[in-house]
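Biologist: Before we look at the model together, could you explain the terms as they come up and set each value against its cut-off?

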Amino acid sequence: MNRRVAITGLGLITSHGSSPRDAFDAWCAGRSGIALHSIGEAPYTVTVPQAMCTEFDAAAALGRGRLATMDRTSQLSTFAARSAWTDAGLDDADDSARDTACVFWGTGAGGANTTERSYRDLFIQQRSRIS
């Protein structure tokens, strides 16, 4: 069985912003989105090079009510997926079009900080449950 796939929408969030055109132009111009940032909790704070999405306002993009249930990776990926959906023109699509559409996305190591924090809470802080 042969199936065709058409990429009809793009969504992203980068250190260069959330516009595919702006990000592509920055990459083609050789502008780095990487800078030094301090991470970690005291007394284990370190400074490392990172590509941070500092201009992304999750509350404005997703609504304050959703933020309590999402880590930063989930916020960024949800925004990018919704942007791709909108860019593809699927916001106003009928149910039959939505039934054959999907969004595919990935992260490099997204969520690793949340996993680490959960392990610290569970094993070091000896909490009986984590969320």
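Modeller: Let us begin with helices (H or I, at least four residues) and strands (E, at least two), which are DSSP runs numbered from the N terminus. This is a predicted model, in which local features need pLDDT of at least 70 and side-chain atom pairs count only at pLDDT 80 or more, while totals for chains, interfaces and linings use all residues. Residues are numbered from 1 along each chain as its sequence is written, and side-chain values use heavy atoms, with hydrogens and water left out.

Biologist: How do you know that D25 and R21 are separated by about one helical turn?

Modeller: Both belong to helix α1, which covers residues 20-28, and they are four residues apart there, so about one turn of the helix separates them.

Biologist: And what makes the contact of D25 with R21 a salt bridge?

Modeller: The term asks for a side-chain nitrogen of Lys or Arg within 4 Å of a carboxyl oxygen of Asp or Glu. Between D25 and R21 the closest N and O atoms are 3.7 Å apart, so the pair satisfies that limit. By this rule the structure has three salt bridges.

Biologist: Why is R21 called exposed or buried?

Modeller: Buried means under 20% relative accessible area, exposed over 50%, and partly exposed in between (1.4 Å probe, protein chains only). R21 has 53% and therefore counts as exposed, whereas D25, at 35%, falls in the range for partly exposed.

Biologist: What makes E41 and R120 a salt bridge?

Modeller: Their side chains meet at 3.2 Å, N to O, and therefore satisfy the limit. E41 sits in the loop between β1 and β2 and R120 in helix α6, so this pair ties together parts that are 79 residues apart in sequence. E41, with 48%, is partly exposed, and R120, with 32%, is partly exposed as well. Another of the salt bridges joins R127 and D121, again at 3.2 Å from N to O.

Biologist: How do you know that strands β1 and β2 pair?

Modeller: Pairing needs at least two bridges found by DSSP between two strands. Five bridges join β1 (residues 35-39) to β2 (residues 46-50), so the requirement is met, and the two run antiparallel. Within this arrangement L36 has P49 in β2 as its bridge partner. The hairpin has six residues between the strands, and G40 takes a positive phi near 95° there.

Biologist: Why are the rings of Y119 and F123 called stacked, edge-to-face or tilted?

Modeller: Rings of Phe, Tyr and Trp (its six-membered ring) pair if their centres lie within 6.5 Å, and planes under 30 degrees apart count as stacked, over 60 as edge-to-face and the rest as tilted. A search of the whole structure finds two aromatic pairs. For Y119 and F123 the centres are 6.0 Å apart and the planes stand at 25°, so this pair is stacked. Both residues lie in helix α6, four residues apart, about one turn of the helix.

Biologist: What makes Y119, L122, F123, I124 and I130 a patch?

Modeller: A patch takes residues with over 30% relative accessible area and no salt bridge, joining like charges within 9 Å and nonpolar side chains (Val, Leu, Ile, Met, Phe, Trp, Tyr) within 5 Å. Y119 has 46% and is therefore partly exposed, and F123 has 55% and is therefore exposed. The five form a nonpolar patch on the surface with about 510 Å² of accessible area together, a value from the Shrake-Rupley method with a 1.4 Å probe, for which only the protein chains shown count as cover.
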